[in-house]
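User: Please take a close look at a single part of this model. I would like one connected account, with each cut-off given as you go.

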Amino acid sequence: MRFEPRQPKEGINVSDTHPLVEAGTLVVGLAAIFVIIALSIIFLIEAALYYVTAEDEAKLFSNWMPDDLVTVAPDDERLYQMQLLVDRLASHWPESPYDIRVEIDDSDVANAMALPGGLIIVTQGLLDQVESENELAFVLGHELGHFRNRDHLRALGRGIVFSLFFAVVTGDDIGGVGIKAADITLRGFSRRQESEADEFGLGLANAEYGHVDQSWRLFERWDTQDSSMIDLAIYLSTHPDSGDRVIKMKQHAELEGWRLQGDVKPLGW
Ligand SMILES: [Zn+2]
């Protein structure tokens with residue numbers, strides 16, 4: 001039999017599948033891998049919470065601070081007063097393993113957050129909006145509630161996952177996984193976690209003042225204010241809708257039989 005040389009068929013190296021379908025498969029595949037990695041990290045953090053006690057966490061992070069946080073001067077009177085206030089509130093939670101530290105973030109956007117090791121960050125923007133010690137006490141008490149339920153660690157895990165993802169996608173360096181992670185973190189809190197933190201915070205306010213007057217006054221003002229106030233967008237994106245929140249807090253206080261009226265303390269600065 002004679003060998004007849006033949007050209008191979010045209011396009012032998014080209015797959016039969018349409019290139020868009022192939023690109024799609026690649027994207028879906030990468031997304032699936034990312035989701036699997038993300039879920040594994042979240043799962044590992046949940047698992048770690050069983051083994052890393054709050055006491056361990058308090059020790060591990062006792063001096064930790066996000067590197068991208070810009071704080072106010074250390075001799076700021078508000079910082080001093082707020083630390084005294086949070087210490088008073090925390091004294092009504094004697095089982096707490098945390099040595100709560102307060103820092104003021106030099107940002108005009110109203111926000112407050114709970115970070116590992118018992119660090120509470122309150123922004124200048126939020127301090128500008130509070131009008132009495134009782135209002136501030138509730139904001140701090142709410143953050144203490146996140147520590148009690150360890151929401152801050154769960155959400156931080158998610159925050160880190162998202163920061164890593166953004167770093168990969170945008171090509172940013174991941175050294176700055178700090179406040180960015182913390183910020184996304186707070187978006188991760190569920191409604192249930194938020195209302196449990198509210199109830200805990202109310203309980204602390206009641207223990208401290210003997211009533212819950214003005215605990216939700218800040219949110220009442222926000223609820224009636226023009227919603228175009230962009231400053232509040234961040235706080236509201238990380239916390240429940242002010243109107244709903246006020247109703248729920250009032251209901252909880254009534255259920256517990258806490259006094260709704262009492263002496264209101266002015267801010268200490
Ligand atoms: Zn919260």
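Analyst: Helices (H or I, at least four residues) and strands (E, at least two) are DSSP runs, numbered from the N terminus. The model is predicted: local features need pLDDT of at least 70, side-chain atom pairs need 80 or more, and totals for chains, interfaces and linings use all residues. Residues are numbered from 1 along each chain as its sequence is written, and side-chain values use heavy atoms, without hydrogens and water.

The part to look at is the sheet and its surroundings. This sheet is open, has 3 strands and mixed pairing, and reads E1-E3-E2 in order. (Two strands pair if DSSP finds at least two bridges between them.) Strands E1 (101-105) and E2 (112-115) are the edges; each has a single partner strand, so one side of each lacks a neighbour in the sheet. From one strand to the next, the twist averages 20° (axes are lines fitted to C-alpha atoms, for helices over the stretch in contact; angles run from 0 to 180 degrees between N-to-C directions).

Take the pairings in turn. E1 and E3 run parallel and are joined by 5 bridges. Here Glu-103 has Ile-121 of E3 as its bridge partner. Ile-121 is also the bridge partner of Met-113. E2 and E3 form a hairpin, with 3 residues between the two strands. Gly-117 sits in that turn and has a positive phi of about 85°. The pairing of E2 with E3 (residues 119-123) is antiparallel and has 4 bridges. Within E3, Ile-120 stands opposite Ala-114.

Two helices pack on this sheet. Helix H3 (residues 77-90) touches E1 and E3, and its direction makes about 145° with that of E1. Helix H5 (residues 133-148) touches E2 and E3, at about 30° to the direction of E2.

How many residues of E3 are buried? The count is 5 of 5, so E3 is largely enclosed by the rest of the structure. (Buried means under 20% relative accessible area, exposed over 50%, partly exposed in between, with a 1.4 Å probe and protein chains only.) Leu-119, Ile-121 and Thr-123 point one way from E3, while Ile-120 and Val-122 point the other way.

Now the cores. (A nonpolar core is a set of buried Ala, Val, Leu, Ile, Met, Phe, Trp, Tyr and Cys residues joined through side-chain atoms within 4.5 Å.) The largest one has 44 residues. Leu-140 and Leu-144 have the most contacts inside this core. H5 gives the largest share of it, 7 residues. Which residues does Leu-144 contact, leaving aside neighbours within four places in sequence? They are Val-86, Leu-89, Ala-90, Trp-93, Ile-100, Ile-120, Phe-200 and Leu-204 (contact means heavy atoms within 4.5 Å). A second, separate core has 5 residues, among them Leu-69, Met-113, Leu-119 and Ile-121. Leu-119 and Ile-121 thus link back to the strand: both are on the side of E3 that Thr-123 also points to.

Last, look just past H5. Arg-150 lies in the loop between H5 and helix H6 (151-170). Its phi is positive, about 60°, although Arg-150 is not a glycine. Is Arg-150 buried or exposed? Its relative accessibility is 13%, so Arg-150 counts as buried.
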